[in-house]
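Colleague: I would appreciate a close look at the surroundings of the bound ligand in this model. Please give the cut-offs behind each term as you go.

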Amino acid sequence: MPTLTPKQLKQYKDLGYVAPIDILSLEEAKEIKTEIEYIEKKWPDELIGLGRNNIHYISPVFDKVCHNSKILDAVESIIGKDILVGGTTLFIKEPDNKGFVSWHQDAKYIGFEPHNWVTAWLAITDSNEENGCMRMWPGTHKEKIRAHKDRFDKYNLLTRGQTVQNVPLKDTVPNILRAGQLSLHNPMIVHGSGLNKSNSRRIGFVIQSYIGTNVDQVIGKVYVQQARGKDSFNYHEHTKRPIELMSKEDVVLRIKANKELSKIFYNDASKKGKY
Ligand SMILES: O=C(O)CCC(=O)C(=O)O
């Protein structure tokens, strides 16, 4: 059942994003952080580089987040009742590291058309100005896709360092979330994030994205899960959901899905970056 209020929907329509939306308790957010730390300790290579993508294929904890009914109710308010999970990414910003996310529009490089999709950013830790929360440039979703320059900066958390230039910082706003809260942003909004100046990790789990069943992938191939409703378009290969952590079959599926994702992200790029 769609649950965004008319005020929240107006925010999404006018500004290009809506936040904060309460989803998880602090305790639940902490359990997800613990799952990340457990995987990192037991399988140290699993979540680095390209491995930051699609953790929901190998972890029932993350799978459960993608199918969380509070998130889906909010998403349904924006894209309708037939919803697919089109992929996920962990955006982890280490403390005392120069990691940042350049200004960009998701629609520029994700390849989902038409734009009946929304990116859900779930704060696993608090996300604020000190630790490099996302900053949004409200209203830019109403304009066209801008030119992006591939910068390949080693500290940029985006694959190819794609950057919209000359963004006026004063016109951007911080998207402050406490652990367990969610924001939803439009494919066209210009956004990015700065340095983590705190002494702990900033973690965002991003469902990138929830797509309507009428949305095709025009650059490459994507695997999907049915999150709600029914898929009468059948544009994509549907996958099953994990029932245990790191099962062999799921690991193989995730490798396949991430290889396909990499082809999409580096389509037409002059070289590959580390993600
Ligand atoms: O986590 C961040 O700082 C940026 C993430 C992002 O660009 C996105 O979710 O679209």
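Colleague: How far from an oxygen atom of the ligand does a polar side-chain atom of S193 lie?

Modeller: The distance from a polar side-chain atom of S193 to an oxygen atom of the ligand is 2.6 Å. This is a predicted model, in which local features require pLDDT of at least 70 and side-chain atom pairs pLDDT 80 or more, while totals for chains, interfaces and linings use all residues. Residues are numbered from 1 along each chain as its sequence is written, and side-chain values rest on heavy atoms, without hydrogens or water.

The S193 pair is a polar contact, that is, two N or O atoms within 3.5 Å; within protein, one must be able to donate a hydrogen and the other to accept it, and residues adjacent in sequence count only if both atoms are side-chain atoms. Two histidines also place a side-chain N or O atom by a ligand oxygen: H191 at 2.9 Å and H185 at 3.2 Å. Taken alone, the ligand exposes 290 Å², of which the protein buries 100%; these areas follow the Shrake-Rupley method with a 1.4 Å probe, and for residues only the protein chains shown count as cover. In total, 13 residues surround the ligand, and the closest are H104, W121, H191, S193 and R202; a residue is counted if one of its heavy atoms lies within 4 Å.

H104 leads on to H148, since H148 is in contact with W103, H104, Q105, K108, Q162, T163 and V164, leaving aside neighbours within four places in sequence. Contact here means heavy atoms within 4.5 Å. H148 occupies the loop between β7 (134–137) and β8 (149–150); strands are DSSP runs of E with at least two residues, helices runs of H or I with at least four, both numbered from the N terminus. H148 counts as buried because its relative accessible area is 15%, the limits being under 20% for buried, over 50% for exposed and partly exposed in between (1.4 Å probe, protein chains only). The side chain of H148 reaches the backbone nitrogen of Q105 at 3.0 Å, and a polar atom of that side chain lies 2.8 Å from the backbone oxygen of R146.

R202 leads in turn to β13, which spans residues 202–212 and pairs with β3 in the antiparallel sense over six bridges; pairing requires at least two DSSP bridges. Within this pair, I92 stands opposite I203 of β13. In β3 (residues 88–93), six of six residues are buried.
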